[in-house]
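Biologist: Please take a close look at the strands in one part of this chain. How are they arranged, and what lies across them?

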Amino acid sequence: MRHTPLAALPLASVALAAWMASCSGGKAEPRHYNIVYIMADDHTAQMMSCYDTRYVETPNIDRIASDGLLFTNSFVANSISGPSRACLLTGKHSHANGFKDNTTSVFDGTQQTFPKLLQQAGYQTAIIGKWHLGGTPTGFDFWEILPGQGDYYNPHFITQDDTAMVQKAGYVTDIITDESLDWLKNKRDKDRPFCLMIHHKAMHRNWMADIDDLPLYEDKQFTLPDNFDDTYEGRQAAREQEMSIAADMDLTYDLKMLHDDLPATPLKGTYLGIRGTMTEDERQAWDAFYGPIIDDFLSSEPEGKELAEWKYQRYMRDYAKTLKSLDDNVGRVLDYLEQEGLMDNTLVIYISDQGFYMGEHGWFDKRFMYEESMHMPLVMHLPKDFKRSGRVDEMVQNIDFAPTFLELAGVTVPDDIQGRSMLPLLRGDSVADWRGSLYYHYYEYPAEHMVKRHYGVRTERYKLIHFYDDIDTWELYDLQADPHEMHNAYADPAMRPVIEQLRNELVKLQTQYADTLALRLNGF
Ligand code: SGN
Ligand code: CA
(Lines give C-alpha, C1' and ligand atoms only; values in the text may rest on other atoms or scores of the structure.)
(Ligands and ions follow the chains in the order given, each with its own letter.)
Protein backbone atom coordinates (compact mmCIF):
# COMPACT_ATOMS: atom_id res chain seq x y z
CA MET A 1 0.00 0.00 0.00
CA ARG A 2 1.29 3.44 -0.91
CA HIS A 3 1.73 6.04 1.81
CA THR A 4 1.18 9.77 1.80
CA PRO A 5 4.55 11.40 1.11
CA LEU A 6 6.17 12.16 4.48
CA ALA A 7 6.73 15.81 3.67
CA ALA A 8 3.01 16.26 3.13
CA LEU A 9 1.95 14.73 6.40
CA PRO A 10 2.30 17.61 8.86
CA LEU A 11 0.38 20.05 6.65
CA ALA A 12 -2.28 17.48 5.82
CA SER A 13 -2.66 16.57 9.49
CA VAL A 14 -3.04 20.19 10.54
CA ALA A 15 -5.57 20.76 7.79
CA LEU A 16 -7.40 17.58 8.70
CA ALA A 17 -7.57 18.68 12.34
CA ALA A 18 -8.93 22.05 11.24
CA TRP A 19 -11.46 20.34 9.04
CA MET A 20 -12.59 18.01 11.80
CA ALA A 21 -12.87 20.94 14.20
CA SER A 22 -15.21 22.59 11.72
CA CYS A 23 -17.50 19.58 11.77
CA SER A 24 -20.36 20.03 14.20
CA GLY A 25 -20.40 17.36 16.91
CA GLY A 26 -18.06 15.10 14.95
CA LYS A 27 -20.59 14.86 12.13
CA ALA A 28 -19.17 15.77 8.74
CA GLU A 29 -20.72 18.92 7.38
CA PRO A 30 -22.34 18.24 4.04
CA ARG A 31 -19.81 20.54 2.46
CA HIS A 32 -17.10 17.87 2.58
CA TYR A 33 -18.09 16.38 -0.70
CA ASN A 34 -15.84 14.31 -2.91
CA ILE A 35 -15.08 15.31 -6.46
CA VAL A 36 -14.56 12.86 -9.31
CA TYR A 37 -13.60 14.81 -12.36
CA ILE A 38 -13.38 12.81 -15.60
CA MET A 39 -11.87 14.76 -18.45
CA ALA A 40 -11.67 13.45 -21.99
CA ASP A 41 -9.49 14.95 -24.69
CA ASP A 42 -11.11 16.39 -27.82
CA HIS A 43 -14.48 14.79 -27.02
CA THR A 44 -17.05 17.04 -28.53
CA ALA A 45 -20.75 17.42 -27.74
CA GLN A 46 -21.78 16.31 -31.25
CA MET A 47 -20.45 12.87 -30.26
CA MET A 48 -22.36 12.52 -26.97
CA SER A 49 -25.88 11.17 -27.23
CA CYS A 50 -27.08 13.25 -24.29
CA TYR A 51 -26.32 16.31 -26.45
CA ASP A 52 -26.79 15.02 -29.95
CA THR A 53 -28.43 11.81 -31.12
CA ARG A 54 -27.31 11.94 -34.76
CA TYR A 55 -24.08 9.96 -34.57
CA VAL A 56 -23.31 7.75 -31.57
CA GLU A 57 -24.65 6.26 -28.35
CA THR A 58 -22.80 7.10 -25.12
CA PRO A 59 -25.03 5.39 -22.53
CA ASN A 60 -22.66 5.72 -19.59
CA ILE A 61 -21.81 9.36 -20.06
CA ASP A 62 -25.54 9.89 -20.49
CA ARG A 63 -26.10 8.26 -17.08
CA ILE A 64 -24.31 11.22 -15.50
CA ALA A 65 -26.53 13.69 -17.34
CA SER A 66 -29.75 11.77 -16.82
CA ASP A 67 -29.73 12.02 -13.03
CA GLY A 68 -27.88 15.33 -13.00
CA LEU A 69 -27.14 18.38 -15.08
CA LEU A 70 -26.42 18.95 -18.75
CA PHE A 71 -24.79 22.30 -19.48
CA THR A 72 -25.85 23.66 -22.85
CA ASN A 73 -23.62 26.73 -22.76
CA SER A 74 -20.32 25.65 -21.36
CA PHE A 75 -17.17 27.04 -22.98
CA VAL A 76 -13.40 27.16 -22.86
CA ALA A 77 -11.34 30.33 -22.64
CA ASN A 78 -8.71 29.05 -25.11
CA SER A 79 -9.58 25.97 -27.16
CA ILE A 80 -6.50 23.81 -26.85
CA SER A 81 -5.27 21.25 -24.39
CA GLY A 82 -2.55 22.68 -22.11
CA PRO A 83 -4.14 26.14 -21.92
CA SER A 84 -7.55 24.67 -21.13
CA ARG A 85 -6.06 22.52 -18.36
CA ALA A 86 -4.18 25.51 -16.94
CA CYS A 87 -7.37 27.62 -16.90
CA LEU A 88 -9.05 24.81 -15.09
CA LEU A 89 -6.42 24.33 -12.40
CA THR A 90 -6.00 28.03 -11.68
CA GLY A 91 -9.43 29.53 -12.36
CA LYS A 92 -7.66 32.17 -14.46
CA HIS A 93 -7.46 33.08 -18.13
CA SER A 94 -4.35 32.08 -20.10
CA HIS A 95 -2.53 35.42 -19.87
CA ALA A 96 -2.98 35.36 -16.09
CA ASN A 97 -1.87 31.77 -15.47
CA GLY A 98 0.96 32.10 -18.02
CA PHE A 99 0.17 29.00 -20.08
CA LYS A 100 -0.96 30.41 -23.42
CA ASP A 101 -0.13 27.65 -25.90
CA ASN A 102 0.99 24.02 -26.11
CA THR A 103 4.23 24.77 -27.88
CA THR A 104 6.09 27.50 -25.98
CA SER A 105 4.45 27.78 -22.55
CA VAL A 106 5.73 26.25 -19.34
CA PHE A 107 3.26 25.85 -16.49
CA ASP A 108 4.50 27.56 -13.35
CA GLY A 109 3.78 24.80 -10.85
CA THR A 110 4.52 27.08 -7.93
CA GLN A 111 1.39 29.15 -8.58
CA GLN A 112 -1.90 28.82 -6.74
CA THR A 113 -4.14 26.02 -8.02
CA PHE A 114 -7.37 24.57 -6.67
CA PRO A 115 -5.81 21.14 -5.90
CA LYS A 116 -3.26 22.86 -3.64
CA LEU A 117 -6.00 24.77 -1.84
CA LEU A 118 -8.07 21.61 -1.47
CA GLN A 119 -5.03 19.81 -0.05
CA GLN A 120 -4.57 22.56 2.53
CA ALA A 121 -8.20 22.05 3.52
CA GLY A 122 -7.59 18.35 4.21
CA TYR A 123 -8.62 16.90 0.87
CA GLN A 124 -6.69 14.13 -0.82
CA THR A 125 -5.97 14.98 -4.40
CA ALA A 126 -5.01 12.70 -7.27
CA ILE A 127 -4.54 13.03 -11.01
CA ILE A 128 -4.17 10.09 -13.38
CA GLY A 129 -3.68 10.29 -17.15
CA LYS A 130 -2.97 13.16 -19.52
CA TRP A 131 -1.30 16.15 -17.88
CA HIS A 132 0.17 18.04 -20.85
CA LEU A 133 1.50 21.03 -18.91
CA GLY A 134 5.18 20.06 -18.91
CA GLY A 135 7.08 19.10 -15.76
CA THR A 136 5.25 17.07 -13.17
CA PRO A 137 2.07 17.93 -11.24
CA THR A 138 2.14 19.95 -8.03
CA GLY A 139 -0.71 19.98 -5.52
CA PHE A 140 -1.50 16.28 -5.81
CA ASP A 141 -1.01 13.58 -3.17
CA PHE A 142 -0.95 11.02 -5.94
CA TRP A 143 -0.19 11.42 -9.61
CA GLU A 144 0.60 9.21 -12.53
CA ILE A 145 0.75 10.91 -15.90
CA LEU A 146 1.25 10.25 -19.58
CA PRO A 147 4.32 11.89 -21.09
CA GLY A 148 2.99 14.57 -23.52
CA GLN A 149 0.08 13.16 -25.48
CA GLY A 150 0.84 9.54 -24.48
CA ASP A 151 0.16 6.45 -26.58
CA TYR A 152 -3.05 4.47 -27.10
CA TYR A 153 -1.36 1.07 -26.91
CA ASN A 154 0.89 -0.11 -24.07
CA PRO A 155 1.51 3.49 -22.97
CA HIS A 156 4.35 4.79 -20.83
CA PHE A 157 3.56 6.69 -17.64
CA ILE A 158 5.63 9.00 -15.50
CA THR A 159 4.98 7.97 -11.92
CA GLN A 160 5.58 9.77 -8.70
CA ASP A 161 7.83 7.09 -7.23
CA ASP A 162 10.08 6.90 -10.16
CA THR A 163 10.48 9.74 -12.61
CA ALA A 164 11.78 7.25 -15.16
CA MET A 165 8.92 6.13 -17.38
CA VAL A 166 7.07 2.91 -16.73
CA GLN A 167 5.37 1.11 -19.61
CA LYS A 168 2.03 -0.54 -18.84
CA ALA A 169 0.50 -3.30 -20.90
CA GLY A 170 -2.93 -2.72 -22.38
CA TYR A 171 -5.14 -0.05 -23.90
CA VAL A 172 -4.73 3.46 -22.52
CA THR A 173 -8.37 4.15 -21.60
CA ASP A 174 -8.59 0.88 -19.66
CA ILE A 175 -5.29 1.53 -17.89
CA ILE A 176 -6.15 5.07 -16.80
CA THR A 177 -9.44 3.73 -15.42
CA ASP A 178 -7.75 0.74 -13.72
CA GLU A 179 -5.26 3.06 -12.03
CA SER A 180 -8.02 5.44 -10.95
CA LEU A 181 -10.11 2.63 -9.47
CA ASP A 182 -7.01 1.27 -7.75
CA TRP A 183 -6.43 4.66 -6.16
CA LEU A 184 -10.05 4.83 -5.02
CA LYS A 185 -10.01 1.30 -3.64
CA ASN A 186 -6.52 0.90 -2.24
CA LYS A 187 -4.48 4.04 -2.09
CA ARG A 188 -6.56 6.79 -0.53
CA ASP A 189 -7.38 7.39 3.11
CA LYS A 190 -11.08 6.53 3.23
CA ASP A 191 -11.69 8.88 6.16
CA ARG A 192 -10.91 12.02 4.25
CA PRO A 193 -12.70 13.75 1.35
CA PHE A 194 -11.00 13.47 -2.00
CA CYS A 195 -10.70 15.02 -5.41
CA LEU A 196 -9.79 12.57 -8.16
CA MET A 197 -9.05 13.83 -11.66
CA ILE A 198 -9.22 11.12 -14.31
CA HIS A 199 -7.71 12.61 -17.46
CA HIS A 200 -8.11 10.45 -20.55
CA LYS A 201 -6.03 10.47 -23.68
CA ALA A 202 -9.05 9.46 -25.77
CA MET A 203 -10.46 11.04 -28.03
CA HIS A 204 -7.26 12.69 -29.19
CA ARG A 205 -5.93 12.32 -32.71
CA ASN A 206 -5.21 9.78 -34.29
CA TRP A 207 -8.30 7.99 -32.84
CA MET A 208 -6.95 4.47 -32.35
CA ALA A 209 -9.70 2.22 -31.02
CA ASP A 210 -9.36 -0.76 -28.74
CA ILE A 211 -8.95 -3.89 -30.88
CA ASP A 212 -12.27 -5.29 -29.61
CA ASP A 213 -14.12 -2.20 -30.81
CA LEU A 214 -12.67 -2.05 -34.34
CA PRO A 215 -15.67 -3.74 -36.02
CA LEU A 216 -18.14 -1.15 -34.66
CA TYR A 217 -19.85 1.47 -36.84
CA GLU A 218 -18.64 -0.03 -40.14
CA ASP A 219 -22.17 -0.19 -41.51
CA LYS A 220 -23.05 3.32 -40.48
CA GLN A 221 -23.09 6.15 -43.02
CA PHE A 222 -22.65 9.38 -41.09
CA THR A 223 -24.58 12.34 -42.45
CA LEU A 224 -22.28 15.11 -43.62
CA PRO A 225 -22.76 18.42 -41.83
CA ASP A 226 -24.50 20.97 -44.08
CA ASN A 227 -21.43 23.18 -44.12
CA PHE A 228 -18.90 20.43 -44.92
CA ASP A 229 -18.10 22.20 -48.22
CA ASP A 230 -17.74 25.65 -46.64
CA THR A 231 -15.80 28.04 -48.90
CA TYR A 232 -15.14 30.57 -46.09
CA GLU A 233 -16.43 33.71 -47.84
CA GLY A 234 -15.81 36.77 -45.71
CA ARG A 235 -13.71 34.79 -43.24
CA GLN A 236 -10.02 34.99 -44.10
CA ALA A 237 -8.70 33.21 -40.98
CA ALA A 238 -11.11 30.33 -41.54
CA ARG A 239 -9.92 30.07 -45.13
CA GLU A 240 -6.23 29.99 -44.21
CA GLN A 241 -6.26 27.22 -41.58
CA GLU A 242 -4.73 23.77 -42.08
CA MET A 243 -7.27 21.53 -40.43
CA SER A 244 -9.34 20.49 -43.38
CA ILE A 245 -10.44 16.87 -43.66
CA ALA A 246 -10.02 17.06 -47.45
CA ALA A 247 -6.62 18.77 -47.52
CA ASP A 248 -4.88 18.12 -44.21
CA MET A 249 -6.16 14.87 -42.74
CA ASP A 250 -3.38 12.33 -43.22
CA LEU A 251 -4.46 9.23 -45.10
CA THR A 252 -1.98 6.98 -43.31
CA TYR A 253 -1.61 8.44 -39.81
CA ASP A 254 -5.18 9.61 -39.30
CA LEU A 255 -7.03 7.06 -41.40
CA LYS A 256 -4.66 4.06 -41.14
CA MET A 257 -4.20 3.53 -44.89
CA LEU A 258 -0.73 1.98 -44.83
CA HIS A 259 0.35 0.30 -48.02
CA ASP A 260 3.46 0.28 -50.22
CA ASP A 261 1.34 1.15 -53.25
CA LEU A 262 0.21 4.40 -51.65
CA PRO A 263 2.43 7.49 -51.87
CA ALA A 264 4.11 8.29 -48.53
CA THR A 265 2.06 10.85 -46.58
CA PRO A 266 3.62 13.54 -44.32
CA LEU A 267 2.76 11.60 -41.15
CA LYS A 268 3.47 8.07 -42.34
CA GLY A 269 6.61 7.91 -40.16
CA THR A 270 4.61 8.99 -37.10
CA TYR A 271 2.10 6.24 -37.77
CA LEU A 272 4.83 3.62 -38.11
CA GLY A 273 6.24 4.82 -34.78
CA ILE A 274 2.86 4.49 -33.07
CA ARG A 275 2.32 1.01 -34.49
CA GLY A 276 5.63 0.20 -32.83
CA THR A 277 3.97 0.54 -29.43
CA MET A 278 1.63 -2.38 -30.22
CA THR A 279 2.43 -6.00 -29.47
CA GLU A 280 2.83 -8.35 -32.44
CA ASP A 281 -0.62 -9.84 -31.74
CA GLU A 282 -2.21 -6.41 -31.57
CA ARG A 283 -0.55 -5.37 -34.83
CA GLN A 284 -1.81 -8.51 -36.52
CA ALA A 285 -5.36 -7.94 -35.30
CA TRP A 286 -5.09 -4.30 -36.42
CA ASP A 287 -3.89 -5.27 -39.89
CA ALA A 288 -6.53 -7.98 -40.20
CA PHE A 289 -9.14 -5.29 -39.65
CA TYR A 290 -7.74 -2.42 -41.74
CA GLY A 291 -6.30 -4.68 -44.52
CA PRO A 292 -9.58 -5.18 -46.42
CA ILE A 293 -10.44 -1.46 -46.04
CA ILE A 294 -7.04 -0.57 -47.52
CA ASP A 295 -7.61 -3.02 -50.41
CA ASP A 296 -11.01 -1.54 -51.05
CA PHE A 297 -9.55 1.97 -50.99
CA LEU A 298 -6.82 0.99 -53.49
CA SER A 299 -9.33 -0.53 -55.86
CA SER A 300 -11.82 2.35 -55.72
CA GLU A 301 -9.23 5.19 -55.78
CA PRO A 302 -11.60 7.97 -54.72
CA GLU A 303 -10.58 11.49 -55.68
CA GLY A 304 -11.74 15.07 -55.14
CA LYS A 305 -15.13 15.37 -53.44
CA GLU A 306 -15.52 11.60 -53.30
CA LEU A 307 -12.18 11.29 -51.46
CA ALA A 308 -13.13 14.05 -49.00
CA GLU A 309 -16.38 12.25 -48.17
CA TRP A 310 -14.62 8.89 -47.90
CA LYS A 311 -12.15 10.48 -45.45
CA TYR A 312 -15.03 11.94 -43.45
CA GLN A 313 -16.70 8.51 -43.09
CA ARG A 314 -13.45 6.86 -42.00
CA TYR A 315 -12.75 9.69 -39.53
CA MET A 316 -16.22 9.47 -38.00
CA ARG A 317 -15.99 5.70 -37.69
CA ASP A 318 -12.55 5.66 -36.06
CA TYR A 319 -13.59 8.42 -33.66
CA ALA A 320 -16.82 6.58 -32.78
CA LYS A 321 -15.01 3.26 -32.21
CA THR A 322 -12.45 4.92 -29.93
CA LEU A 323 -15.28 6.49 -27.98
CA LYS A 324 -16.82 3.10 -27.16
CA SER A 325 -14.01 2.23 -24.74
CA LEU A 326 -14.16 5.68 -23.17
CA ASP A 327 -17.88 5.37 -22.51
CA ASP A 328 -17.51 1.81 -21.15
CA ASN A 329 -14.77 2.97 -18.80
CA VAL A 330 -16.84 5.90 -17.54
CA GLY A 331 -19.43 3.22 -16.73
CA ARG A 332 -16.87 1.28 -14.68
CA VAL A 333 -16.14 4.34 -12.54
CA LEU A 334 -19.85 5.07 -12.03
CA ASP A 335 -20.50 1.42 -11.10
CA TYR A 336 -17.77 1.56 -8.48
CA LEU A 337 -19.03 4.81 -6.98
CA GLU A 338 -22.55 3.39 -6.86
CA GLN A 339 -21.47 0.08 -5.31
CA GLU A 340 -19.51 1.90 -2.61
CA GLY A 341 -22.38 4.26 -1.82
CA LEU A 342 -20.22 7.23 -2.79
CA MET A 343 -22.64 8.81 -5.24
CA ASP A 344 -24.65 10.61 -2.55
CA ASN A 345 -21.67 12.57 -1.41
CA THR A 346 -19.75 13.01 -4.64
CA LEU A 347 -19.85 15.54 -7.43
CA VAL A 348 -19.09 13.59 -10.62
CA ILE A 349 -18.16 15.62 -13.65
CA TYR A 350 -17.61 14.53 -17.23
CA ILE A 351 -16.01 17.11 -19.46
CA SER A 352 -13.57 17.50 -22.35
CA ASP A 353 -10.58 19.85 -22.58
CA GLN A 354 -12.37 21.51 -25.52
CA GLY A 355 -14.80 20.77 -28.31
CA PHE A 356 -13.88 19.49 -31.77
CA TYR A 357 -15.00 19.66 -35.38
CA MET A 358 -16.68 16.58 -36.83
CA GLY A 359 -16.65 17.84 -40.40
CA GLU A 360 -18.35 21.20 -39.71
CA HIS A 361 -16.71 23.79 -42.01
CA GLY A 362 -14.94 20.74 -43.53
CA TRP A 363 -12.70 20.45 -40.45
CA PHE A 364 -11.23 18.31 -37.72
CA ASP A 365 -9.27 19.82 -34.74
CA LYS A 366 -10.32 22.83 -32.63
CA ARG A 367 -8.62 26.19 -31.68
CA PHE A 368 -11.16 28.58 -33.26
CA MET A 369 -13.58 30.58 -31.18
CA TYR A 370 -16.40 29.17 -33.33
CA GLU A 371 -19.04 27.19 -31.49
CA GLU A 372 -17.98 23.56 -32.06
CA SER A 373 -14.52 24.07 -30.55
CA MET A 374 -15.29 26.78 -27.99
CA HIS A 375 -18.12 24.67 -26.61
CA MET A 376 -16.92 22.26 -23.93
CA PRO A 377 -19.34 19.41 -23.21
CA LEU A 378 -20.15 19.28 -19.51
CA VAL A 379 -22.42 16.97 -17.55
CA MET A 380 -22.58 16.57 -13.78
CA HIS A 381 -24.01 14.17 -11.25
CA LEU A 382 -24.72 16.20 -8.10
CA PRO A 383 -24.46 15.09 -4.49
CA LYS A 384 -27.80 14.14 -2.97
CA ASP A 385 -28.36 17.47 -1.18
CA PHE A 386 -28.43 19.30 -4.50
CA LYS A 387 -31.89 19.02 -5.92
CA ARG A 388 -31.43 20.58 -9.34
CA SER A 389 -31.57 18.40 -12.45
CA GLY A 390 -31.93 18.90 -16.19
CA ARG A 391 -30.46 21.54 -18.46
CA VAL A 392 -28.40 24.48 -17.34
CA ASP A 393 -28.44 27.23 -19.96
CA GLU A 394 -26.32 29.82 -18.19
CA MET A 395 -22.93 30.49 -19.81
CA VAL A 396 -20.13 28.87 -17.83
CA GLN A 397 -16.44 28.65 -18.63
CA ASN A 398 -13.47 26.48 -17.66
CA ILE A 399 -12.17 29.19 -15.31
CA ASP A 400 -15.27 28.49 -13.18
CA PHE A 401 -14.27 25.03 -11.95
CA ALA A 402 -11.61 26.11 -9.46
CA PRO A 403 -13.98 28.42 -7.54
CA THR A 404 -16.80 25.87 -7.76
CA PHE A 405 -14.69 23.10 -6.24
CA LEU A 406 -13.31 25.42 -3.56
CA GLU A 407 -16.73 26.62 -2.54
CA LEU A 408 -18.02 23.05 -2.54
CA ALA A 409 -15.20 22.15 -0.16
CA GLY A 410 -15.95 25.10 2.10
CA VAL A 411 -12.71 26.87 1.15
CA THR A 412 -12.72 30.65 0.73
CA VAL A 413 -12.23 31.50 -2.94
CA PRO A 414 -9.14 33.73 -3.31
CA ASP A 415 -9.81 37.18 -4.81
CA ASP A 416 -7.43 36.71 -7.71
CA ILE A 417 -9.42 33.82 -9.16
CA GLN A 418 -11.15 35.11 -12.30
CA GLY A 419 -13.83 32.45 -12.67
CA ARG A 420 -17.07 32.36 -10.78
CA SER A 421 -18.40 29.56 -8.62
CA MET A 422 -21.16 27.58 -10.32
CA LEU A 423 -22.44 26.39 -6.96
CA PRO A 424 -25.51 28.68 -6.93
CA LEU A 425 -26.45 27.28 -10.35
CA LEU A 426 -25.98 23.74 -9.02
CA ARG A 427 -28.22 24.51 -6.08
CA GLY A 428 -30.85 25.90 -8.40
CA ASP A 429 -30.73 29.35 -6.77
CA SER A 430 -31.85 32.14 -9.02
CA VAL A 431 -28.76 34.13 -9.88
CA ALA A 432 -29.91 37.44 -11.24
CA ASP A 433 -26.42 38.76 -11.95
CA TRP A 434 -24.95 35.70 -13.67
CA ARG A 435 -22.48 36.73 -16.40
CA GLY A 436 -23.86 37.80 -19.76
CA SER A 437 -20.63 37.55 -21.71
CA LEU A 438 -17.51 35.38 -22.00
CA TYR A 439 -13.95 36.23 -22.91
CA TYR A 440 -11.77 34.12 -25.21
CA HIS A 441 -8.12 34.38 -26.33
CA TYR A 442 -6.19 31.89 -28.49
CA TYR A 443 -2.42 32.30 -29.09
CA GLU A 444 -0.86 29.26 -30.81
CA TYR A 445 0.24 30.68 -34.17
CA PRO A 446 2.22 30.07 -36.33
CA ALA A 447 1.87 26.40 -35.48
CA GLU A 448 0.30 23.13 -36.52
CA HIS A 449 -3.13 23.72 -38.16
CA MET A 450 -2.29 27.40 -38.66
CA VAL A 451 -5.19 28.94 -36.81
CA LYS A 452 -4.50 32.66 -36.43
CA ARG A 453 -4.26 34.31 -33.03
CA HIS A 454 -7.55 35.80 -31.95
CA TYR A 455 -9.58 37.07 -29.05
CA GLY A 456 -13.23 37.86 -28.70
CA VAL A 457 -16.40 38.10 -26.72
CA ARG A 458 -19.45 35.84 -26.78
CA THR A 459 -22.81 36.87 -25.43
CA GLU A 460 -25.93 34.74 -25.47
CA ARG A 461 -26.75 35.97 -28.93
CA TYR A 462 -23.61 37.40 -30.55
CA LYS A 463 -19.96 36.71 -31.04
CA LEU A 464 -17.31 39.28 -31.96
CA ILE A 465 -13.82 38.04 -32.88
CA HIS A 466 -10.60 39.89 -33.72
CA PHE A 467 -7.95 37.88 -35.59
CA TYR A 468 -4.54 39.52 -35.24
CA ASP A 469 -0.78 39.02 -35.66
CA ASP A 470 -0.15 38.61 -39.42
CA ILE A 471 -3.80 39.49 -40.11
CA ASP A 472 -6.18 42.16 -38.81
CA THR A 473 -9.77 41.06 -39.37
CA TRP A 474 -12.94 41.22 -37.33
CA GLU A 475 -15.87 38.83 -37.47
CA LEU A 476 -19.35 39.19 -36.09
CA TYR A 477 -21.95 36.42 -35.80
CA ASP A 478 -25.57 36.53 -34.84
CA LEU A 479 -25.81 33.07 -33.29
CA GLN A 480 -29.58 33.16 -33.41
CA ALA A 481 -29.81 33.85 -37.15
CA ASP A 482 -26.58 32.07 -38.08
CA PRO A 483 -25.84 29.31 -35.54
CA HIS A 484 -23.21 27.69 -37.77
CA GLU A 485 -21.25 30.94 -38.14
CA MET A 486 -21.23 31.02 -41.92
CA HIS A 487 -22.00 34.71 -42.41
CA ASN A 488 -19.58 37.29 -41.06
CA ALA A 489 -21.85 40.28 -40.43
CA TYR A 490 -19.08 42.66 -39.35
CA ALA A 491 -19.35 44.82 -42.49
CA ASP A 492 -23.13 45.07 -42.32
CA PRO A 493 -24.04 48.74 -41.55
CA ALA A 494 -27.19 47.59 -39.73
CA MET A 495 -24.98 45.81 -37.20
CA ARG A 496 -23.04 48.94 -36.14
CA PRO A 497 -24.88 49.44 -32.85
CA VAL A 498 -24.40 45.76 -31.98
CA ILE A 499 -20.69 45.96 -32.82
CA GLU A 500 -20.35 49.09 -30.71
CA GLN A 501 -21.95 47.33 -27.76
CA LEU A 502 -19.81 44.23 -28.18
CA ARG A 503 -16.61 46.29 -28.52
CA ASN A 504 -17.46 47.93 -25.20
CA GLU A 505 -18.15 44.57 -23.63
CA LEU A 506 -14.85 43.23 -24.97
CA VAL A 507 -12.91 46.14 -23.49
CA LYS A 508 -14.75 45.69 -20.22
CA LEU A 509 -13.72 42.03 -20.05
CA GLN A 510 -10.13 42.69 -21.13
CA THR A 511 -9.90 45.35 -18.44
CA GLN A 512 -11.56 43.21 -15.79
CA TYR A 513 -9.24 40.27 -16.54
CA ALA A 514 -6.23 42.57 -17.14
CA ASP A 515 -5.36 41.19 -20.56
CA THR A 516 -3.14 44.16 -21.32
CA LEU A 517 -1.69 42.76 -24.56
CA ALA A 518 -5.17 42.33 -26.00
CA LEU A 519 -6.26 45.75 -24.78
CA ARG A 520 -3.35 47.26 -26.68
CA LEU A 521 -4.18 45.27 -29.83
CA ASN A 522 -7.75 46.38 -29.44
CA GLY A 523 -6.62 50.02 -29.58
CA PHE A 524 -6.55 50.92 -25.86
C1 SGN B 1 -1.01 17.16 -31.76
C2 SGN B 1 -1.86 16.83 -33.00
C3 SGN B 1 -2.65 18.06 -33.47
C4 SGN B 1 -3.39 18.69 -32.31
C5 SGN B 1 -2.41 19.01 -31.19
C6 SGN B 1 -3.01 19.67 -29.99
N7 SGN B 1 -1.03 16.37 -34.07
O8 SGN B 1 0.04 18.00 -32.10
O9 SGN B 1 -3.54 17.66 -34.49
O10 SGN B 1 -4.03 19.87 -32.72
O11 SGN B 1 -1.82 17.78 -30.78
O12 SGN B 1 -4.02 18.88 -29.41
S13 SGN B 1 -0.45 14.89 -34.04
O14 SGN B 1 0.15 14.63 -35.37
O15 SGN B 1 0.54 14.79 -33.00
O16 SGN B 1 -1.57 13.98 -33.78
S17 SGN B 1 -4.32 19.08 -27.89
O18 SGN B 1 -5.65 18.54 -27.66
O19 SGN B 1 -3.34 18.33 -27.14
O20 SGN B 1 -4.26 20.49 -27.65
CA1 CA C 1 -7.54 18.38 -26.50
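Modeller: What follows covers one sheet, the helix on it, and then a helix pair. The model is predicted.

Start with the sheet. It is open and has 4 strands, in the order β13-β14-β15-β16. The pairing is antiparallel. Which strands stand at the edges? They are β13, residues 437-442, and β16, residues 473-478. Each has a single partner strand, so one side of each is left without a neighbour in the sheet. From one strand to the next, the twist averages 10 degrees.

Now take the edge strand β13. Its partner is β14, residues 453-459, and the two pair in the antiparallel sense over 6 bridges. Within this pairing, Tyr440 stands opposite Gly456 of β14.

Next, the helix. Helix α15 spans residues 496-512. It lies across β13, β14, β15 (462-468) and β16. Relative to β14, α15 runs at about 110 degrees.

Elsewhere in the chain, two helices meet. Helix α10 covers residues 280-300, and helix α11 covers residues 304-339. Their axes come within 13 Å and cross at roughly 170 degrees. An angle over 145 degrees counts as roughly antiparallel, and α10 and α11 are therefore roughly antiparallel to each other. On the α10 side, the contact is made by Phe289, Tyr290, Ile293 and Phe297. On the α11 side, Leu307, Trp310, Arg314, Asp318 and Lys321 take part. The residues of this contact between α10 and α11 divide into 6 nonpolar and 3 charged, with no polar ones.

Methods:
Residues are numbered from 1 along each chain as its sequence is written. Chains are lettered from A and ligands numbered from 1 in the order in which they are written. This is a predicted model: local features need pLDDT of at least 70, side-chain atom pairs count only at pLDDT 80 or more; totals for chains, interfaces and linings use all residues. Side-chain values use heavy atoms; hydrogens and water are left out. Two strands pair if DSSP finds at least two bridges between them. Axes are lines fitted to C-alpha atoms, for helices over the stretch in contact, and angles run from 0 to 180 degrees between N-to-C directions. Contact means heavy atoms within 4.5 Å. Angles under 35 degrees count as roughly parallel, over 145 as roughly antiparallel, 65 to 115 as roughly perpendicular and the rest as oblique. Ala, Val, Leu, Ile, Met, Phe, Trp, Tyr, Cys and Pro count as nonpolar, Asp, Glu, Lys and Arg as charged, and the others, Gly among them, as polar.
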